[in-house]
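Here are some short exercises to work through at your own pace. Try each task before you read the solution below it.

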Amino acid sequence: MTDRDPDCLFCKIVAGEIPSDRVYEDDDVIAFRDINPRAPTHVLVIPRRHVLDVQHLTDADGELLSRLFSAVRTLAAEAALESGYRVVTNVGPDAGQTVFHLHLHLLGGRSMSWPPG
Ligand code: AMP
Ligand code: ZN
């Protein structure tokens, strides 16, 4: 697996070639506001490295997962989501995945129903 897919939208956002409203970054992870927000807070937390989706993670990616969720906690605290939030990652067509670079949706700022549609 290469670190970057030249045709991937989110790889271009990582590289700064496509603008985004970036709200977090470290050596392995960036986060930016979703262009079509579904909640008052809707941020996408992604690895800098191109990983297609959960199915393409391996047991060697434990540290990366830890860093992704660390970013989620930081962002949730910054957005004052103490009454709760949701973390979603869509995998494949049945789940409605549209961008094939791993991303965690961080959604908060309103109450949510369960199960999702
Ligand atoms: P998914 O459907 O789970 O693959 O999520 C992809 C998400 O990326 C959607 O919520 C889109 O609104 C969002 N998105 C697509 N293009 C951009 C962009 N250029 N900047 C920010 N978010 C985007
Ligand atoms: Zn990518």
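**Exercise 1.** Is Cys 11 buried or exposed?

*Solution.* Keep in mind that this is a predicted model. Start with the cut-off: a residue is buried when its relative accessible area is under 20%. Next, take the value for Cys 11, which is 3%. Cys 11 is therefore buried. Now try the same step on Cys 8: its relative accessible area is 6%, so Cys 8 is buried as well.

**Exercise 2.** Find how many disulfides the whole structure has.

*Solution.* The test is whether a pair of cysteine sulfur atoms lies within 2.5 Å. Searching the whole structure with this test gives zero disulfides.

**Exercise 3.** List the elements of the chain in order, starting at the N terminus.

*Solution.* First count them: the chain holds three helices and five strands. Then walk along from the N terminus, and you read α-β-β-β-α-β-α-β.

**Exercise 4.** Why does the radius of gyration of the chain agree with that of a compact globule?

*Solution.* Begin with the expected value: for 117 residues, a compact globule would have a radius of gyration near 13 Å. Then look at the chain, which has 14 Å, so the two agree. For another view, the C-alpha trace spans about 40 × 30 × 30 Å along its principal axes.

**Exercise 5.** Describe the charged side chains of the chain.

*Solution.* Count each kind: there are 11 positive and 17 negative side chains. Then compare where the two sets are centred: their centres lie 5 Å apart.

How values were computed:
Residues numbered from 1 in each chain as written. Chains lettered and ligands numbered in written order. Predicted model: local features only at pLDDT ≥ 70, side-chain atom pairs only at ≥ 80, totals over all residues. Heavy atoms only, no water. Helix = DSSP H or I, 4+ residues; strand = E, 2+ residues; numbered from the N terminus. Rg over C-alpha atoms; globule rule 2.2 N^0.38 Å. Lys, Arg positive; Asp, Glu negative; His and termini not counted. Charge placed at Lys NZ, Arg CZ, Asp CG, Glu CD. Buried < 20%, exposed > 50% of the residue type's maximum accessible area, 1.4 Å probe, protein only.
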